[in-house]
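Trainee: Could we go through this model term by term? I'd like each label set against its cut-off.

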Amino acid sequence: MSDRLYIFDTTLRDGEQVPGCQLNTIEKIEVAKALEELGVDVIEAGFPVSSPGDFNSVVEISKAVTWPTICALTRAVEKDIDVAAESLKYAKKGRIHTGIGTSPYHIKFKLNSNEDEILQRAVAAVKYAKKYVEDVEFYAEDAGRSDNVYLAKVVEAVIKAGATVINIPDTTGYCLPHEYGEKIKFLMENVKGVHKAVLSTHCHNDLGMATANSVSGILNGARQVEVTINGIGERAGNTSLEEVAMIFKSREKELGISTNINTKHIYKTSRMVSSLMNMPVQPNKAIVGRNAFAHSSGIHQDGVLKNRENYEIIDPNDVGINESSIVLTARSGRAALKHHMENLGFTLTKEKLDEVYQEFLKLADKKKDIKEDDLLMLAGEVRRENHRIKLDYLQVISGKSLEPMASIRLEIGGEKFSATSSGNGPVDAAINAVKQIITRQVTLEEFLIQAINKGSDDFGKVHMTVAHGERNYNGFGAHTDIITASVEAFLDAINKIPTVKK
Ligand code: KIV
Ligand code: ZN
């Protein structure tokens, strides 16, 4: 049986402090409900004394959320604690999070005080908060740079005063993982009564070590971890929830520690927070970045297609992503191209694959990444081979003062049929000519022309939707001649109509 690690999410407090990330109350409720669905144990909903908006958000989140503990931040100041208690009145389980700086910097330069006075203020704040709620968390701000012996003294005193959780923040992200781990170990071994409370990690990412420090703290005895979605937070951010959740899920057997997070909700929660807070997730961000499960080199793609675990330690489904993405670039190999072609329904022989691959490389050199349309274009000949109705010949005459005329020859089931028609433009003339041969009633519903790259020598791609009876059929064509591409798209759609004869 694994030890339980409690997840304390501070996206709505430490995360929301980031300039430009502010949310209104409705948006905060939306995030809080997503956090509840994700399975977090504690939601830090705000710093109620800081503004009426923050106060109101804590009230409304307390009403909206069913089972997680709702936490409100305060300084070690009675007024803050009164306001926090008031904001938590609807919480089914409420926690006050109070604290004060314990590092020499904070004691001397921020608080203009001394160690004894800080210790007394810490104890007084906890006792005051205890008048309102049973669950009181104490934070020793800048614990990362605090002297361990003094820190232990403060922690012991606040536990004695009734604190249920002790937060050891590395406020400036200064610690190295082994130092932070030793700090937690020191407290576990030297604080009398430490087992009456839960030690909590709260690590900032200034040196990119927030997650490593949190894990080190947990391995040394902390059983609550303070995190944010996507690692957002002051400056370089906080420890990210998704990283911690996946570390303890994927290494549960060795580490013997587990969380209550339903990891399948991670990706959608990450997207929600990113879009509500206007905070893009860096593409290479662990677990939730766009590239976290994308393989682009030929060797890796081939390896993943043979067995996902060759290059992936996490199943993307476990975090709510449908599948690993095999990105097509100039470095992709035949295996990746074959995989994508098969997904689009084209089975290529080895020779055909070689041929298409050479064309693919030329295109990939010009374009950064290859999209579905590009593959449809590359598969053009293969697709046409499967068509019952094929374009055999097309000639169009058009110009400024000419009535557009098109002559067309189609091959249908091995037989050839010709027609000529005019139209209000060259494409219209060509489509009219096709319609003279195809006796089925079809109408053009949608017609979209785009360039694949740039430049007048470029391939044009055409998407068409054709209606027949009750149904619509989509077609695609690509060619340097846009009229040919249009006729190909029209025929592609017509070929999908089940019983078209002639
Ligand atoms: O980083 C920090 O020290 C904090 C405290 C207020 C908990 O966010
Ligand atoms: Zn913080």
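Mentor: Sure, starting with burial: buried means under 20% relative accessible area, exposed over 50%, and partly exposed in between, with a 1.4 Å probe and protein chains only. This is a predicted model, where local features need pLDDT of at least 70, side-chain atom pairs count only at pLDDT 80 or more, and totals for chains, interfaces and linings use all residues. Residues are numbered from 1 along each chain as its sequence is written, chains are lettered from A and ligands numbered from 1 in the order in which they are written, and side-chain values use heavy atoms, with hydrogens and water left out.

Trainee: Why is Asp-142 called buried?

Mentor: Its relative accessible area is 0%, and the label needs under 20%, so Asp-142 is buried. Asp-142 is found in the loop between E6 and helix H6 (148-160); helices (H or I, at least four residues) and strands (E, at least two) are DSSP runs, numbered from the N terminus.

Trainee: What makes the phi of Asp-142 worth a remark?

Mentor: Most residues other than glycine have a negative phi. Asp-142 isn't a glycine, yet has a positive phi of about 60°. Arg-235 is another non-glycine with a positive phi, about 50°, in the loop between strand E9 (224-227) and helix H9 (241-250).

Trainee: Is Arg-235 buried or exposed, and how do you know?

Mentor: Exposed: Arg-235 has 51% relative accessibility, and the label asks for over 50%. Gly-469 is exposed too, because its relative accessible area is 70%. Gly-469 is found in the loop between strand E17 (460-468) and strand E18 (471-479).

Trainee: And why does Ser-486 count as buried?

Mentor: Its relative accessibility is 0%, so Ser-486 counts as buried. Ser-486 lies in helix H18 (residues 482-494). Leaving out residues up to four places away in sequence, Ser-486 touches Val-427, Ile-431, Phe-447, Val-462 and Met-464, where contact means heavy atoms within 4.5 Å.

Trainee: What makes the link from Ser-486 to Ile-482 a polar contact?

Mentor: A polar contact is a pair of N or O atoms within 3.5 Å; within protein, one must be able to donate a hydrogen and the other to accept it, and residues adjacent in sequence count only if both atoms are side-chain atoms. The side chain of Ser-486 reaches the backbone oxygen of Ile-482 at 2.7 Å, so the distance fits the cut-off.

Trainee: Which protein atoms are the donors of the zinc ion (ligand 2), and how do you know?

Mentor: Donors are N, O and S atoms within 2.8 Å of the metal (3.2 Å for Na, K and Ca); water is not among the atoms, so sites may look incomplete. Asp-14 (OD), His-202 (NE2) and His-204 (NE2) lie 2.1 Å from the zinc ion, so they are donors. Along the chain their spacing is D-x187-H-x1-H. Asp-14 and His-204 link distant parts of the chain, 190 residues apart, and both are buried.

Trainee: Which side chains make polar contacts with ligand 1?

Mentor: For Arg-13, an N or O atom of the side chain is 3.0 Å from a ligand 1 oxygen. His-202 has a polar side-chain atom 3.1 Å from an oxygen of ligand 1, and for His-204 that distance is 3.0 Å.
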